Amino acid sequence: MPSHEVYMRRCLELALCGAGDVSPNPMVGSVIVADGKIIGEGYHQRYGEPHAEANAIAAVLDRFTNGEDLLKRSTLYVNLEPCAHFGKRPPCSDLIVQYQIPEVVVGCRDPFPLVNGKGIERLKDAGIIVIEDILSVECRFLNRRFLTRVQKQRPYIILKWAQTADGYFAPVDRSQSWISSSTAKKLVHTWRSEEDAVLVGFQTALSDDPQLNVRHAAGKSPVRIVIDRNLQLSRSLKLFDQSNQTIVFNSLRTEVDNNIKYLELEDFDNYLPQLICYQLYLMDFQSIIIEGGVKTLQLFINSGLWDEARLFVSNNYWDSGLKAPAIPGKPQSKDLVGSDTLYTWYNQ
């Protein structure tokens with residue numbers, strides 16, 4: 001019979017299917033096994049819709065006429081502790097108890113205060129055998145965005161930029177000049193579809209006039225965020241085309257103009273990254289990818305407010321230009337993406 005790890009890896013594979021669609025909920029997959037065979041699978045597909053365990057149980061009931069009997073001698077695997085509270089959906093722990101599933105294998109506990117240990121306690125109180133911490137490191141990594149929001153009260157922050165082989169970020173005159181390959185560009189659009197928001201600073205918005213949407217990949221476009229202290233950016237920029245929700249952090253006013261939300265921050269000279277993160281946390285943003293420019297990226301780096309950094313290095317040499325941000329430590333991974341090299345850091 002396959003080990004618990006085999007079925008938990010399948011839970012992780014299923015959970016990833018919900019990437020970009022379930023925030024601010026976690027990504028969760030579930031597998032139900034009876035007589036050494038998988039009899040049902042499910043994952044949390046969309047925020048507000050049934051959770052992974054409910055979908056897996058429904059799959060068994062739909063597939064087998066004796067589904068209820070099978071559930072009574074099965075093992076349910078799930079990468080995150082079953083919920084124990086009423087939210088958008090009823091508690092999954094109650095559903096497991098209802099169908100008398102005798103054994104549950106959990107990847108890691110859910111730190112959300114209304115769940116943390118309570119789901120497991122509910123199962124044990126009903127006489128269900130609970131096995132914990134199977135591939136717990138992998139399970140926590142998968143839901144690092146969710147865990148960061150719950151435990152640190154801020155979004156998971158990803159920094160992304162491209163630089164030349166000799167370390168330049170942009171031309172001296174700040175004109176738009178593409179550094180990375182078309183393959184890298186497509187990957188960036190995939191990344192955007194996986195996060196709640198994408199942020200740029202004033203200078204990037206002014207120089208590059210970016211759309212900050214998903215055009216070269218499947219999935220939804222993230223909320224666009226721009227820092228414009230004195231509201232000097234032209235409304236003719238693509239960021240203000242009303243095609244997608246856009247947030248403008250500024251020092252002058254708070255108001256809503258259709259899809260554009262102006263949010264006034266009380267202090268632009270001190271703790272700007274912290275204030276931005278706090279506002280996004282209050283609005284239920286679970287993750288954000290910051291795409292520039294140098295000043296904005298370095299601001300978050302210097303404050304220590306980042307969790308992951310993704311750097312494309314091209315084969316081009318410019319000999320002059322604006323120096324790219326400096327990030328401490330050594331990258332944890334190095335991958336070839338088209339003609340570029342992608343370096344990834346995780347802030348430990």
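In the predicted model, the largest pocket encloses about 1100 Å³ of space. Its lining comprises 43 residues, of which Gln203, Thr204, Asp208, Glu291 and Gly293 are the closest to the centre. Two or more lining residues are contributed by each of strand 6 (156–163), strand 7 (168–170), helix 8, helix 9 (202–208) and helix 11 (294–303). The greatest contribution comes from helix 9, with 5 residues. By residue class, the lining of the largest pocket consists of 18 nonpolar, 14 polar and 11 charged residues.

Aromatic contacts were examined next. The structure contains 3 aromatic pairs. One of these is formed by phenylalanine 141 and tyrosine 346, whose rings meet edge-to-face with 5.6 Å between centres and 75° between planes. This pair connects distant parts of the chain, as phenylalanine 141 belongs to helix 6 (residues 136–142) and tyrosine 346 to strand 17 (residues 340–346), 205 residues apart. Both partners are partly exposed, phenylalanine 141 with a relative accessible area of 39% and tyrosine 346 with one of 25%. In another pair, the rings of tryptophan 191 and phenylalanine 312 are classed as stacked because their planes lie at 20°, with the centres 5.5 Å apart. Here too the pair links distant parts of the chain: tryptophan 191 is in helix 8 (residues 182–194) and phenylalanine 312 in strand 14 (residues 308–313), 121 residues apart. Tryptophan 191 is buried, at 8% relative accessible area, and phenylalanine 312 is likewise buried, at 1%.

Positive charges are also placed over aromatic rings. The charged end of arginine 310 is positioned over the ring of tryptophan 191, 4.5 Å from the ring centre. Lysine 323 lies over the face of tyrosine 168, at 4.5 Å from the centre of that ring.

The whole structure contains 18 salt bridges. Among them is the bridge between aspartate 21 and arginine 46, in which the closest N and O atoms are 3.8 Å apart. Aspartate 21 is located in the loop between helix 1 (4–16) and strand 1 (29–34), and arginine 46 in the loop between strand 2 (37–43) and helix 2; the pair therefore ties together parts 25 residues apart in sequence. Aspartate 21 is partly exposed, at 29%, as is arginine 46, at 43%. Aspartate 35 and arginine 73 form a further salt bridge, with 2.6 Å between the closest N and O atoms. Aspartate 35 lies in the loop between strand 1 and strand 2, whereas arginine 73 lies in the loop between helix 3 (67–71) and strand 3 (75–80), 38 residues apart. Aspartate 35 is exposed, at 59% relative accessibility, while arginine 73 is partly exposed, at 44%. Aspartate 209 is bridged to lysine 238, the closest N and O atoms being 3.1 Å apart. Since aspartate 209 lies in the loop between helix 9 and strand 9 (223–227) and lysine 238 in the loop between strand 9 and strand 10 (246–250), this bridge ties together parts 29 residues apart in sequence. Arg10, Glu13 and Glu41 are joined into one network by salt bridges that share partners.

Helix 7 (residues 144–152) is largely enclosed by the rest of the structure, because 7 of its 9 residues are buried. The buried residues include Arg144, Arg145 and Arg149, together with Phe146, Leu147, Thr148 and Val150. Glutamine 153, which follows helix 7, has a positive phi near 55°.

Conventions
Residues are numbered from 1 along each chain as its sequence is written. This is a predicted model: local features need pLDDT of at least 70, side-chain atom pairs count only at pLDDT 80 or more; totals for chains, interfaces and linings use all residues. Side-chain values use heavy atoms; hydrogens and water are left out. Rings of Phe, Tyr and Trp (its six-membered ring) pair if their centres lie within 6.5 Å; planes under 30 degrees apart count as stacked, over 60 as edge-to-face and the rest as tilted. Helices (H or I, at least four residues) and strands (E, at least two) are DSSP runs, numbered from the N terminus. Buried means under 20% relative accessible area, exposed over 50%, partly exposed in between (1.4 Å probe, protein chains only). A charge sits over a ring if NZ of Lys or CZ of Arg is within 6 Å of the ring centre and within 35 degrees of the ring normal. On a 1 Å grid over the protein atoms alone, a cavity is a set of points where a 1.4 Å probe fits but cannot get out, and a pocket is an open set with protein on both sides within 12 Å along at least five of seven lines; lining residues have an atom within 4 Å of a point. Grid points are joined across faces, edges and corners, and a volume is the space filled by probe spheres set on the points. Ala, Val, Leu, Ile, Met, Phe, Trp, Tyr, Cys and Pro count as nonpolar, Asp, Glu, Lys and Arg as charged, and the others, Gly among them, as polar. A salt bridge is a side-chain nitrogen of Lys or Arg within 4 Å of a carboxyl oxygen of Asp or Glu.
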